[in-house]
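Here is a short walk through one protein chain, written with a computational chemist in mind. Have the viewer open and follow along as we go.

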Amino acid sequence: MTERAYNPQEIEPKWQKVFERENIYAAGRDPGKPKYYVLEMLPYPSGTLHMGHVRNYSIGDALARYKWMRGYNVLHPMGWDAFGLPAENAAIQNNTHPREWTLHNIAFMKQQHRRFSFAYDWTKELSTCEPEYYRWNQWFFLRMYERGLAYRRRSRVNWCPKCQTVLANEQVHGGYCWRHEETLVAEKELEQWFLRITDYADQLLDDMAKLKRWPEKVLTMQRNWIGRSVGAQLRFPVAESGEPIEVFTTRIDTIYGATAVILAPEHPLVDGLIGDKAWSGSMRAQVRKLIDSRIPGDADYEKQGLFTGRFAVNPFTKKLVPIWVGNFVLMEYGTGAIMAVPAHDQRDYEFCSKYHIPIPTVIEPLEGKAPANAAFTDYGRLVDSGPYSGLTSQEGIQKMTAGAEREGFGRGSTTYRLKDWGISRQRYWGTPIPIVYCAGCGIVPVPDDRLPVALPTDVQITGMGESPLARHESFVNTTCPKCGGPGRRETDTMDTFVDSSWYFYRYTNPAAHSAPIDREAVAYWFPIDQYIGGVEHAIMHLIYSRFWTKIMRDLGLAGNDEPVERLFTQGMVIREGAKMSKSKGNVVDPDEMVGKYGADATRLYVLFAAPPAKDLDWSESGIEGIDRFLQRVYRFAARNLEKARQQQSRPAKRDQGAVSTGLPAGDAGGESAAERAVRRRLHQTIRRITDDFEDRWHFNTSIAALMELMNELYASEEQLSPGAIREALEALVKLLAPFAPFFSQELWSMLGRETILLRESWPSYDPELARVEEYEIVVQVNGRLRSRMVVTAGTPQDEVQRRALADPRVVPLMAGKQLVRAIVVPNKLVNLVIRG
C-alpha cells in the first residue's frame, strides 16, 4: 500500500489554528463593498452534530466563502436555540441541571464546528437561554401586551402526556407529539397566553408576493396553513328556541342541499341542546368520547357523531334539519359549526352516509355527469334550489349571499385556518412570561426596568404534573408592581419558537444593551440574503419569524416587511433509503468521518453526493472516492511545484467584472494544443462553478467539473509549460477553496503564497474560452435514476460510459455485479444494465 500523500489529520488542525488566530471570518462593513448575509437555521444543542447538520452548514459555508472571494462584506453567524424540553428530560434522567446539560452540549458542538472550520464569526455568537437574550423576549411580549396583541384566555389545547406541556397545532404530527413520535396527543383545557398572529393573517398572505426567491412548496404550505376562506356566515335558528347557530360556508350555493347542522363537541350550545333530560348524562359522556376520538394533526381519523334530538331551520328552504355533534368539526375553525351538504362535500358525504342522513343533489356539472358514490365538489349549475335554480355556482354564491344579507340571516365573511399563537408552556427551561397576578389589580405586566424575570436555578424537575416554577415559592411569590401588595408570578414559560423568531436580528450586534437590536446594524445587514434550513420549518419557524418581523417593523425597530430575501430548503441525509436514527442503527458519526477522511473530504462528499435540494443517501464508498480525488490533486500539485515556481503569477486584482483569471495569459500563439485544451477546460470550469454559485446551486456538478479538470491536467501533464501549470494550479486551488478550505490553503502555501486564500479574488473567465455546448446526462442503473453528470457535446460514447461507471454514486451499486451492456443515448442518458 502506498503512503498517503496528503494527511488531513496533520494539515487541517494546523490551518484551523491559523484561521482562528487571524480571525478571518469576522464580519466587516467596508463601505466600498456590497453586503451579503448568509445564515443557516439556529440549531438546538442536542449534544452532537449529525450529518444533516454537516450538510446544512457545508452549503452555507461554501456560499459564504464564495461571496468573500467575490469581494462582499459577509455576515455568517452561529448561535444556539438553547431552551427546550430535552434539557429537562436530561435533568430527570441524569440528575443534571438543564443549564449545565445545555452549556456542556454547546461547548462540545462548538468544538465540532471549529474542527470543520465552518466560516462563522464567533464574535456574533448568542445563546437563547442567557438572560441577556431572553430579557428581550419578555420586552417584546410586554410591547405586544400593551397593544392588545398578547392576551390570556381559557382554551382547549393539545397536551402531550409525556412532555406534560402544551403543543401548538404545528407540533402535532399525525396525532403524535413531534418530539415523542410514539406518544398520542390528548386535549386539555387551560388558561393560556396567546399572540394575535391572526391580526397579521392578510399581511402574511399578501406579502408572499414579495418572496420571489422562496421555494413555491414552502409558500404553498404557508398559504394552506393560513387558510384564508371567503364565504358567508349564516344563522340556522334552533326550532324550539329560535337561538341562532352561526355557520360559515364557502359554498352557499349548496345550501338547498344542507340536510344537517353539525357542531363541534366543544361548541357552547351543545350543553343546552342536550338539556336536562334523564339521558343527558350519558349523552354528555358520549360528547366527551367524541373529543377523545380525535387524532390531532390527522385529517383521516374516523368521523363519529351524535344526534342531539333537536332540529334547526334551514334559513333558505325553511325546512327542519337535524342538529348533530361531530368529532371532525373544530371549534377553532370558522364558527365551530357547519352545514352538512353531503352531495357536494366529501367529508359530509362520508359522515351522512354512515348515519343515513339524506343526500340530495343541488349542483350538477356544467358538462358530463357527477361521480357515483362520491360527492361532486366542483362548481356547476344549481338544481332544485328554488328561485336560484339554473344559475352557475359563481352566480348563485353572489346572489344568495346578497339575499341572506337582505333578509337579515347572513352576511359575507372571511375566516382563516390560522389561529392565534398559543405560547404558554408548562415547563421550566424557557423564557418566563413577565406577568404578575394581583388580587386587587388583576393582571399586571412586569415593568421594563425589572427585566429580565430570571429563571431560578434551584428547582426540582420531576417531569410530572405542573411546571417546576409553580412549585418554587420564592419565584412564585412576589409583590405587585402596581400596588406593592402580594402577587403571584405567571409560572408558564414561552414556546421556544419565540426564541427563534427574531434571533437573526440580534446576530447583527449581540452586545446591544439598551434595545433588543442595533437598528443601524439591522438597517445595514437586512434582509437576510440567503437563509438555509429544512422544509419541516415551513409552517412553524418561518411563519412565526415573518410575523415577528412585522411586529418589529410596527414598533419602529426594522424597516423591512420580510426577514429573508432568498430561502433554500436542503434535502435530508438518509442511509440505505431510510432517515438516520439511533433506533435503526444507521447513524453516521461526523467525528468518525473526520477522523478517518478529514473534514474537507466529509464536506466535499455531502456537497457532491446529491444536489443540495435532494435527499442524500449516505455511502462510505462515496466518501472514499472523494478522498481519492483529494489525494490525486495533492499528488499532481506536489510533483509539479518546482515546475510551477519557475514562473510567478502576477497578483490578482479583485474585480467582479473581470474576464481574466488574474494569471498570466501566456503567448497564445506559442501554446501547444494540450495547453490550449487545458486553458479552455479551465475557463469552462470557472464559468460552471461561478454559475452554480450564482444560480443553480448544483454543487455536485461543480465538484464533478473539478474532477474533469483534474483528468485533463493528468492527461496533458507532460506537455504543459511552467506557466500553464501554475495558471491551472492557482485557479484550481481557488475553485476548491469554498468546498475544501484546509486542503486549498495547504496547496496555496505550497505554491509559495503567504496570503489567506479566503481574501484572494475569485477567478473569472474569458467568455469565449468558456463557451461550450454542454448537456446534462441522466445516469441509470437497470432503468432507475442514480445520478446525473454534465458532458460536453461530442463526448465519445465510451468516455460517457467510463464516466458513468466511475461515478461515486454508481460505484457501490456495481460491487459484485456484472455489466451486461451500456445503453448510451447521445446527449441524453446512459443506462447501465447489470446483473449478479
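Are R115 and E12 buried or exposed? R115 is buried, and E12 is buried as well. Here buried stands for under 20% relative accessible area, exposed for over 50%, and partly exposed for anything in between, with a 1.4 Å probe and protein chains only.

Before going further, a word on the source: this is a predicted model, in which local features need pLDDT of at least 70 and side-chain atom pairs count only at pLDDT 80 or more, while totals for chains, interfaces and linings use all residues. Residues are numbered from 1 along each chain as its sequence is written, and side-chain values use heavy atoms, with hydrogens and water left out.

## The chain as a whole

The chain has 836 residues, and buried residues make up 58% of them. Its C-alpha atoms fill a box of roughly 100 × 75 × 50 Å along the principal axes. The chain holds 26 helices and 32 strands; these are DSSP runs numbered from the N terminus, helices being H or I with at least four residues and strands being E with at least two. Take the contacts (heavy atoms within 4.5 Å) between residues at least 6 apart in sequence: 72% of them join residues at least 24 apart. The exposed area is about 35000 Å², and carbon and sulfur atoms supply 50% of it. Accessible areas come from the Shrake-Rupley method with a 1.4 Å probe, and for residues only the protein chains shown count as cover.

## Salt bridges

A search of the whole structure turns up 50 salt bridges, each defined as a side-chain nitrogen of Lys or Arg within 4 Å of a carboxyl oxygen of Asp or Glu. Three of the pairs are set out here.

| Pair | Closest N to O distance |
|---|---|
| R115 and E12 | 2.9 Å |
| R154 and E189 | 3.2 Å |
| E520 and R29 | 3.8 Å |

R115 and E12 form a salt bridge. This pair links distant parts of the chain, with R115 in helix α4 (residues 98-116) and E12 in helix α1 (residues 8-22), 103 residues apart.

E520 and R29 also meet in a salt bridge. E520 sits in helix α14 (residues 519-525) and R29 in the loop between α1 and β1 (35-40), so this pair ties together parts that are 491 residues apart in sequence. E520 is exposed because its relative accessible area is 58%, whereas R29, at 39%, counts as partly exposed.

R154 and E189 are joined by a salt bridge too. They connect strand β3 (residues 150-160) with strand β7 (residues 186-195), 35 residues apart. R154 is partly exposed at 48% relative accessible area, and E189 is partly exposed at 39%.

There is also a network of salt bridges, which links D207, K210, R546, K550, R553, D554, D561 and E562.

## Why does R603 count as buried?

R603 counts as buried because its relative accessibility is 1%. The residue belongs to helix α17 (residues 599-608). A polar atom of the R603 side chain lies 2.9 Å from the backbone oxygen of F116. Leaving aside neighbours within four places in sequence, R603 is in contact with several residues, among them S58, D61, R65, F118 and P738.

## Strand pairing

Two strands pair if DSSP finds at least two bridges between them. Strands β19 (residues 435-438) and β20 (residues 442-445) do so in the antiparallel sense, over four bridges. They form a hairpin with three residues between them, and C438 stands opposite G442 in β20.

Elsewhere, three strands make an open sheet in the order β27-β26-β28, with mixed pairing. Its edge strands, β27 (578-579) and β28 (616-617), each pair on one side only. Strand β26 (residues 573-575) runs parallel to β28, joined by two bridges, and I574 faces D617 in β28.

## Two places with exposed side chains

Q797, in helix α25 (residues 797-806), counts as partly exposed at 44% relative accessibility. Not counting residues up to four places away in sequence, Q797 touches V824 and P826. Q797 and V824 are 27 residues apart in sequence, with their C-alpha atoms 6.6 Å apart.

L320 lies in strand β12 (residues 320-326) and counts as exposed at 55% relative accessibility.

Notes. Polar contact = N/O pair within 3.5 Å; in protein donor to acceptor, adjacent residues only side chain to side chain.
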